[in-house]
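Let's take a friendly walk through a protein model, from its open hollows to the strands inside. Keep the sequence and the 3D view beside you as you read.

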Amino acid sequence: MTFFGQIGRRIAVLDGAMGTRLMERGASGCLEALCLTDPAAVASVHEEYLEAGADIVTTDTMCADALCLERYGLEDRSYEIARAGAEIARAAASKYSSEERPRFVAGSVGPTTRNLSLATDIGPERLAEVYSDVIRGLLDGGADIILVETAMDAANVKVAVEECRKLDKSIPVVVSAVMSRIAGRVASGAPIATFWGDLPAEDIDAVGFNCSNDPKAMEASIAELASLCSKPTIAYPAAGDPPLSPHRFAKDMERLCRSGAVNIVGGCCGTTPSHIAQLAKVAGRCRPRKAEIVKRSVTE
């Protein structure tokens, strides 16, 4: 079954937090570098989420771009880290896949350290190079999906998606934005309608939100987005502050799942395999959003 077949048939479950899970085990510094220095630690987190019921695992590469890696002196290893991250996730997903239930790898592409709309020290050409290194690594490492996540600036997303389509015309591209504390706005301050209107919709296969605060804080935003577009939607909020228990998190996510507005759900900062195990049970009882699924071909 393809990724598109999965999200059309039932609500797919994304994994939970990678970074906070690694930090709970004592990791610090550049967590993405663990893809090279301690791949077993990264693999074990993927396997925890797969055991918990995740259909999709996310690579440990959200900050694998050269701009994020500069502070660690690793900017020249962006492609290498991204490829290793995808290979680790691919091996874990393949281990748990079956013909009846395939598992997928989402290659994580983060927002970098610059918002193109505000930055004065970088232009779209340089940002394109930065994104290209990460995306090439993820594709070469075996990612099934490119997940442009924790997005704040539509200008950045445009560049990332454009680079992805230059490299692979058919791979699913999912965009997930971070919400502002101001209701109905993304982190850049743009209203949801404006943010969506500024995205290259024809090249995006699913869209939604991650992180933010907790499930309840995301409900209205997902509902508004679903009213604006016919694409499949994704929602993976943080566990909250203080963190919600796995049971409470799943109960709050159940409202979102039962709304008929989502196709993919998961967890962000602070969520654990226990959160995903509870969420998988809830998602399994609900129907996915009836969305427009684009069938792409390599000749597009």
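## Pockets, cavities and the sheet

The largest pocket has a lining of 34 residues, and those nearest its centre are G19, E32, M62, C63 and C269. Helix 2 (19-24), strand 4 and strand 6 (206-211) are the elements that each give two or more residues to this lining. The pocket holds about 620 Å³ of space, and its lining residues divide into 17 nonpolar, 12 polar and 5 charged.

Before going on, a word about where this comes from. This is a predicted model, in which local features need pLDDT of at least 70, side-chain atom pairs count only at pLDDT 80 or more, and totals for chains, interfaces and linings use all residues. Residues are numbered from 1 along each chain as its sequence is written, and side-chain values use heavy atoms, leaving out hydrogens and water.

Some terms will help too. On a 1 Å grid over the protein atoms alone, a pocket is an open set of points with protein on both sides within 12 Å along at least five of seven lines, a cavity is a set where a 1.4 Å probe fits but cannot get out, and lining residues have an atom within 4 Å of a point. A volume is the space filled by probe spheres set on the points, with grid points joined across faces, edges and corners. For the classes, Ala, Val, Leu, Ile, Met, Phe, Trp, Tyr, Cys and Pro count as nonpolar, Asp, Glu, Lys and Arg as charged, and the others, Gly among them, as polar. Helices (H or I, at least four residues) and strands (E, at least two) are DSSP runs numbered from the N terminus.

Here are the linings of three of the spaces by class.

| Space | Nonpolar | Polar | Charged |
|---|---|---|---|
| Second largest pocket | 6 residues | 5 residues | 3 residues |
| Largest cavity | 9 residues | no residues | no residues |
| Second largest cavity | 6 residues | 3 residues | 2 residues |

The second largest pocket has a volume of about 230 Å³. Of its 14 lining residues, M179, S180, R181, S212 and A217 are the closest to its centre. Helix 10 (residues 215-228) gives the most to this lining, with 4 residues.

Which residues line the largest cavity? They are F3, L14, I56, A106, I145, L147, V174, I234 and I264. This cavity holds about 50 Å³ of space, while the second largest has a volume of about 40 Å³. Strand 4 gives the largest share of the second largest cavity's lining, 3 residues.

Now to the sheet. Two strands pair if DSSP finds at least two bridges between them. In this model, 8 strands form an open sheet in the order 1-8-7-6-5-4-3-2, with parallel pairing. Strand 1 (12-13) and strand 2 stand at the edges with a single partner strand each, so one side of each has no neighbour in the sheet.

Strand 3 (residues 104-109) has 6 of its 6 residues buried (under 20% relative accessible area, 1.4 Å probe, protein chains only). F104, A106 and S108 cover one side, and V105, G107 and V109 the other. Strand 2 (residues 56-58) joins strand 3 through 3 bridges, and V57 has V105 as its bridge partner. Strand 3 also pairs with strand 4 (residues 145-151) over 4 bridges in the parallel sense, where A106 stands opposite I145.

Note on methods
Buried < 20%, exposed > 50% of the residue type's maximum accessible area, 1.4 Å probe, protein only.
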